[in-house]
Amino acid sequence: MAYKILTSQCISCNLCLTVCPTNAVKVIDGQHWIDPELCTNCVGSIHTVPQCKAGCPTCDGCVKQPSDYWEGWFANYNRVVAKLTNKQDYWERWFNCYSQKYSEQLQKRQPQKMAAEA
């Protein structure tokens, strides 16, 4: 399965051009493109992960190109579910951070309150 570059996520930093060991990444009409005939997913090289994906600063700019319809459908489904799940984690982290900051503010006021009472 070759990789493809999502043009909506690509910021044209050209890092993928320099890190690809097979020179599969091309720029055609200003759009980055991975030649599926040259892409080997970095299998057989010294790298353990595809370098286009590992070097991409957007994290979502370089994705696996599905070989059939259903594989692509499930990959998209899993990606969307992961994003929805992360939103729940986001709010949980926000609440934890907020409650921690609120607690710190209350603790700062405690000594002031005790000093005022004394």
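A disulfide is counted here when two cysteine sulfur atoms lie within 2.5 Å of each other. A disulfide is a covalent bond between the sulfur atoms of two cysteines. The structure discussed below is a predicted model, and by this rule the count of disulfides in the model comes to zero.

**Cysteines without a partner**

Two cysteines illustrate that result. For Cys-56, the closest cysteine sulfur belongs to Cys-13 and lies 6.2 Å away, which is too far for a bond; the residue itself has a relative accessibility of 18% and therefore counts as buried. For Cys-39, the closest cysteine sulfur is that of Cys-52, at 5.9 Å, and this pair too is too far apart for a bond. Cys-39 is likewise classed as buried, because its relative accessibility of 18% falls under the 20% limit.

**The cavities**

A search of the whole structure finds two cavities of 30 Å³ or more, and cysteines named above recur in the descriptions of their linings. The largest cavity holds about 120 Å³ of space. Its lining is made up of 15 residues, and those nearest its centre are Cys-10, Cys-13, Cys-16, Cys-56 and Pro-57. The elements that contribute two or more residues to this lining are H1 and H2.

The second largest cavity encloses about 90 Å³. Among its 13 lining residues, the closest to the centre are Cys-20, Cys-39, Asn-41, Cys-42 and Cys-52. The classes of residue in the two linings are set out below.

| Cavity | Nonpolar lining residues | Polar lining residues | Charged lining residues |
|---|---|---|---|
| Largest cavity | 10 nonpolar residues | five polar residues | no charged residues |
| Second largest cavity | nine nonpolar residues | four polar residues | no charged residues |

In reading the table, it helps to keep in mind that Cys and Pro count as nonpolar.

**Backbone at two loop residues**

Cys-42, one of the residues closest to the centre of the second largest cavity, has a positive phi of about 65° although it is not a glycine. Cys-42 sits in the loop between strand E3 (31-34) and helix H2 (51-55), and with a relative accessible area of 10% Cys-42 is buried.

Asn-23, which is also not a glycine, has a positive phi near 55°. Its place is in the loop between helix H1 (15-19) and strand E2 (25-28). With a relative accessibility of 49%, Asn-23 counts as partly exposed, because exposed residues are those over 50%.

Terms used: Residues are numbered from 1 along each chain as its sequence is written. This is a predicted model: local features need pLDDT of at least 70, side-chain atom pairs count only at pLDDT 80 or more; totals for chains, interfaces and linings use all residues. Side-chain values use heavy atoms; hydrogens and water are left out. Buried means under 20% relative accessible area, exposed over 50%, partly exposed in between (1.4 Å probe, protein chains only). Helices (H or I, at least four residues) and strands (E, at least two) are DSSP runs, numbered from the N terminus. On a 1 Å grid over the protein atoms alone, a cavity is a set of points where a 1.4 Å probe fits but cannot get out, and a pocket is an open set with protein on both sides within 12 Å along at least five of seven lines; lining residues have an atom within 4 Å of a point. Grid points are joined across faces, edges and corners, and a volume is the space filled by probe spheres set on the points.
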